Amino acid sequence: MNLYIRYFDEETLVYSVEEAVNFLSSLGDVEVNEVMIDELKKFWSSSVMFPKHIKVHARAFFIAIKTTASTMEEFKAKGSVQSKAERTAQKETLVQYGMPQPGWYKVRVTFKRVVTIPEMQKCQYMDTDFVAKVKAESVQDSYDRVISHLRNRQDVDARSQFPSIKGPNFAFEYLGA
């Protein structure tokens, strides 16, 4: 597995997280920090096949795309690592999320919670883990119930950002009926 990394007009194909960090460090605008490195490592080791956007500063991100291509030319011709079979499997998984399987689910979401810093009178986003046991009709229903619960809580700011059911920040375990 390799990574295609792009930051504005700068792009490269790397074969490890360390190479990605070296490339990003060589760019004048990018100040590589532990958060970026951790996000790259998680993305590298995850089964997620969607492109990953990682924040550089306020309004700038770089993109990382998994690929089996071994050269930039091959990547440009071939694209990301997802084959037609993998895209089909991914769609089937999403369809399965909606299939009825009533029972208890243990749901974990990591969301970007808006936290006010009183001393500075400013807000910042903070990764927040939330775990709950939910009685639901399907995986989709369990996800919807947890997100609805979080949106309606008094202590969760309306500007908070919630993960997609397709992303790595949502996980579930079916506990049984």
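1. Two strands are said to pair if DSSP finds at least two bridges between them. In this predicted model, strand β5 (residues 103-117) and β7 meet that condition, since they are joined in the antiparallel sense over 6 bridges. One place to look at this pairing is K106, whose bridge partner in β7 is E173.

2. The pairing just described belongs to an open sheet of 3 strands, arranged in the order β6-β5-β7 with antiparallel pairing. At its edges lie β6 (122-136) and β7 (170-176), each of which pairs on one side only. From one strand to the next, the twist averages 20°. Helix α5 (residues 139-152) packs on this sheet and touches β5, β6 and β7, while its direction makes about 135° with that of β6.

3. Between β6 and α5 there is a loop, and S138 has its place there. Is S138 buried or exposed? S138 counts as buried because its relative accessible area is 6%, and the cut-off for that term is under 20%. Leaving aside residues up to four places away in sequence, the contacts of S138 are Y97, G98, M99, P100, Q101 and Y105.

4. Turning to the N-terminal part of the numbering, β1 is mostly covered, with 5 of its 6 residues buried. β1 is joined to β4 by 5 bridges in an antiparallel arrangement, and within that pairing Y4 stands opposite I65 of β4. Another 5 bridges join β1 to strand β2 (residues 10-14), again running antiparallel, with L3 standing opposite V14 of β2. β1 and β2 form a hairpin that has 2 residues between the strands, and F8 in the turn has a positive phi of about 50°.

5. In soluble globular proteins, nonpolar side chains tend to be buried together. The largest nonpolar core here has 20 residues, of which I5, Y7, L24, V30, L40, V56 and F62 touch the most other members. At least two residues of this core come from each of β1 (2-7), α1 (17-25), α2 (34-45), β3 (52-57) and β4 (60-67), and α1 gives the most, with 5 residues. To see how such a member is placed, a reader may start from V30, which touches Y7, L24, M36 and V56 when residues up to four places away in sequence are not counted.

6. A second core, separate from the one above, has 18 residues, and among them are F130, A136, V139 and F170.

Key
Residues numbered from 1 in each chain as written. Predicted model: local features only at pLDDT ≥ 70, side-chain atom pairs only at ≥ 80, totals over all residues. Heavy atoms only, no water. Core = buried A, V, L, I, M, F, W, Y, C linked by side-chain atoms within 4.5 Å. Buried < 20%, exposed > 50% of the residue type's maximum accessible area, 1.4 Å probe, protein only. Helix = DSSP H or I, 4+ residues; strand = E, 2+ residues; numbered from the N terminus. Contact = heavy atoms within 4.5 Å. Axes fitted to C-alpha atoms, helices over the stretch in contact; angles between N-to-C directions.
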